[in-house]
Amino acid sequence: MITLLFLVMFVPRVLSSSTQVAAIFPQDPVLRVGSSLTATCSVSAELGIHASTLFWTLNGKRLPSSTYSVLGPTALSVTLSRLNGSRQQSGDNLVCHNSGGHVLAGSCLYVGMPPEKPVNLTCWSRNTKDLSCKWAPGGQGETFIRTKYTLKYKLRWYGREKGCEDYNVGQPYTCYIPRDLALFTPYEIWVEAANQLGTATSDVITLDVLDVVTTDPPADVHVSRVGELEDQLSVRWGTPPALKDFLFQAKYQIRYRLEDSTDWKVVDDIGNQTSCRLAGLRSGTVYFVQVRCNPVGIYGSRKAGIWSDWSNPTAASTPHGERLLSGSCDPKSGEQNSTLRRELKQFFGWVRKHAYGCSGMSIKLYDQWRVWLQKSHKTRNQILQGDKS
């Protein structure tokens, strides 16, 4: 009995759905930001509803009656002026209701802007077999409606146009080409943007995959003290594993900063060494160090590759300088000369081993080191003289 009652109640409503009781014109319009729109809701005369009893909502918010016009017993229009961009890319919901609030008809409004030319297109390869590209939307980047970006590429002098298919949802404006790329042949690459209001195409870039190879950051970065030298730290790292099998030379950069500073100092002249000593540092200070790699000469390419990201920061501290300041008596002149000769011998030995430029060694730096050493002795003597007085 309950089942029969349920069918009797709902069958008429299902049957009535096959007959259109109301319609909105225009249906799902596409408009530019700042445009105006007049939409009309027409209801079936069979409903016995007068147009003056209807009302409109936009995204669930009731529109003021001052924007309505009764066009006849079964037609009510609404005028929307200076439309803003759609709140959602799937469109804004314009709905016509009867006096009881029931939905009679609906339409989606797509209010936006045509895309501007995509910019800043760059590409890189991790292993000479793949290619990743990223770009930025042109202008302010906001079109308010769904805009499709397509990365396209082709061999420069021959070959058909292809479209990239692997788009990263988590990283918009990126695409990945995993395979089937030619070497020693330049590609033309560009991005096309399209939506319901227009299209735009980026500038075309030309590149050889071998010229845009990058690596992971250097692995196993270690920073340690150099014996008891207060102004030096030793940095060692491993070659990025992904490129060990390729014919290439890498060049490296180091940057370092004080623990309580955000200013990095970059050491450029390391070459393809995988170790380096940083000199001229403060004693008793914590330093953060990072390394990055740039592959050069892969398969004979004459161009440098692309710098990797910086490695994760590695921290180490220089020894404290108490050894120079903790004397309990004024040392004899012979002892001072012996100490100075020993430190100079150590200094020049270090220069001969590392003269390739890792620490930026020069006569100027040596003079600075001598000044620092003399100031240390002078400070110690002043402290001792103060104690005696």
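**Close-up 1. Arg255 and Trp264 show a charge meeting a ring.** The charged end of Arg255 rests over the ring of Trp264, at 4.3 Å from the ring's centre. Keep in mind as you look that this is a predicted model. A second such pair is made by Arg62 and Phe55, where the charged end of Arg62 sits over the ring, 3.8 Å from its centre. Rings can also pair with one another, and the count of aromatic pairs here comes to four.

**Close-up 2. A cis peptide bond joins Phe25 and Pro26.** Look at the bond between these two residues: its omega angle is about -5°. Where along the chain is Pro26? Pro26 belongs to the loop that runs between strand E1 (22-25) and strand E2 (30-32).

**Close-up 3. Asn59 and Asp180 have positive phi values.** Asn59 is not a glycine, yet its phi is near 55°. You can find Asn59 in the loop between strand E4 (55-58) and strand E5 (61-62), and its relative accessibility of 27% makes it partly exposed. Asp180, also a residue other than glycine, has a phi near 60°. Its loop connects strand E15 (174-177) with strand E16 (187-195). Is Asp180 buried or exposed? With 61% relative accessibility, Asp180 counts as exposed.

**Close-up 4. Salt bridges link parts of the chain that are apart in sequence.** Five salt bridges are counted in this model. In one of them, the side chains of Asp203 and Lys117 meet with N and O 3.2 Å apart. Asp203 is in the loop between strand E17 (198-201) and strand E18 (205-207), while Lys117 is in the loop between strand E9 (103-112) and strand E10 (119-124), so this pair ties together parts 86 residues apart in sequence. Lys117 is partly exposed, at 38% relative accessible area. Another salt bridge joins Arg126 to Asp216, with 3.1 Å between the closest N and O atoms. Arg126 sits in the loop between E10 and strand E11 (131-136) and Asp216 in the loop between E18 and strand E19 (219-225), so the two tie together parts 90 residues apart in sequence. Both partners are partly exposed: Arg126 has a relative accessible area of 32%, and Asp216 has one of 38%.

**Close-up 5. Lys152 takes part in a small salt-bridge story.** Glu161 and Lys152 form a salt bridge, their closest N and O atoms being 3.2 Å apart. Glu161 is partly exposed at 41% relative accessibility, whereas Lys152 is buried at 18%. Through shared partners, salt bridges join Lys152, Glu161 and Glu192 into one network.

**Close-up 6. Three disulfides are counted in the model.** Cys41 is joined to Cys96 by a disulfide with an S to S distance of 2.2 Å. This link is left-handed, with -80° about the S-S bond. Cys41 lies in strand E3 (residues 37-43) and Cys96 in strand E8 (residues 92-97), so the pair links distant parts of the chain, 55 residues apart. Both of these cysteines, Cys41 and Cys96, are buried. Cys123 and Cys133 form another disulfide, at 2.1 Å from S to S, and this one is right-handed, with 110° about the S-S bond. Cys164 and Cys175 are joined as well, at 1.8 Å from S to S. Their link is left-handed, with -95° about the S-S bond. Both ends are buried: Cys164 has 6% relative accessibility, and Cys175 has a relative accessible area of 3%.

How values were computed. Residues numbered from 1 in each chain as written. Predicted model: local features only at pLDDT ≥ 70, side-chain atom pairs only at ≥ 80, totals over all residues. Heavy atoms only, no water. Phe/Tyr/Trp six-rings, centres within 6.5 Å; stacked < 30°, edge-to-face > 60°. Lys NZ or Arg CZ within 6 Å of the ring centre and 35° of its normal. Helix = DSSP H or I, 4+ residues; strand = E, 2+ residues; numbered from the N terminus. Buried < 20%, exposed > 50% of the residue type's maximum accessible area, 1.4 Å probe, protein only. Salt bridge = Lys/Arg side-chain N within 4 Å of Asp/Glu carboxyl O. Disulfide = S-S within 2.5 Å.
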